[in-house]
Amino acid sequence: MHNTMASGDIDGLASAVIGAAIEVHRTLGPGFLESVYEESLCYELELRSIPFQRQPKISVIYKGRNAGDGRMDLLVDSKLMVELKSVDALASVHTAQLLSYLRAGSYQAGLLFNFNVKLLKEGGIKRLLYGPRLTSDPPPNKSS
C-alpha cells in the first residue's frame, strides 16, 4: 500500500517535480507534442537525480478481477503520479483520468501538467490528492 508517506515528503517531491517542469516549459515554451515534453521532463528529472519510472503500467481491478491496464506518464519516486498534457485547456476528463489512476494504484498524490500555456505556473499545473475524501488544490483562505 502506498498510503504511508508523510505530507512534507510528498510536498517536497511535488515541488521538485514542478520546478523541473517549469524549467522544461521555460526552455521549450508551448506548442509541442506531449511526447516532447515527456522526454524533456524525464531528462530534467535525471539531471536533478529525481528517481522516476516512465509509462508504468497500472492495473484496473474490478471486483477482484483485472479489467485491463492503463499507463500513467510518470511515477516519481514510487509515490507521485504525473500526467502530462499539451492541450488548449485542461478538461474535467483529464482530472478524472488522474484521479482514477490514483485510486487504481492506491497512490495519494498526483500532478497534472498542461504545457500548452503561456506560463506553466499560471494555469498549467494542477495538484491532486486522493484519500478518504477527494481534494484538489486547497481552497483559498477566507477572511472574515
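How many helices and strands does the chain have?

**Figure 1. The whole chain, end to end.** Three helices and seven strands make up this chain, in the order α-α-β-β-β-β-β-α-β-β along the sequence. Helices (H or I, at least four residues) and strands (E, at least two) are DSSP runs, numbered from the N terminus. The model is predicted, so local features need pLDDT of at least 70 and side-chain atom pairs count only at pLDDT 80 or more, while totals for chains, interfaces and linings use all residues. Residues are numbered from 1 along each chain as its sequence is written, and side-chain values use heavy atoms, with hydrogens and water left out. Of the 144 residues, 36% are buried (under 20% relative accessible area; exposed means over 50%, partly exposed in between; 1.4 Å probe, protein chains only).

**Figure 2. Helix α3 and its buried side.** Here we meet H94, T95, L98, L99, Y101, L102 and G105, the buried residues of α3. They cover an arc of only 155° around the axis, which puts them on the same side of α3; the arc is that of the directions from the helix axis to the C-beta atoms. On the other side of α3, look for the exposed S92 and V93. The buried residues pack against β2 (57-62), β3 (65-71), β5 (80-85), β6 (109-114) and β7 (125-129), where contact means heavy atoms within 4.5 Å. Just after α3 comes S106, with a positive phi near 55°.

**Figure 3. The hairpin of β2 and β3.** These antiparallel strands are joined by six bridges; strands pair if DSSP finds at least two bridges between them. I61 sits opposite N66 in β3. Two residues lie between the strands, and K63 has a positive phi near 50°.
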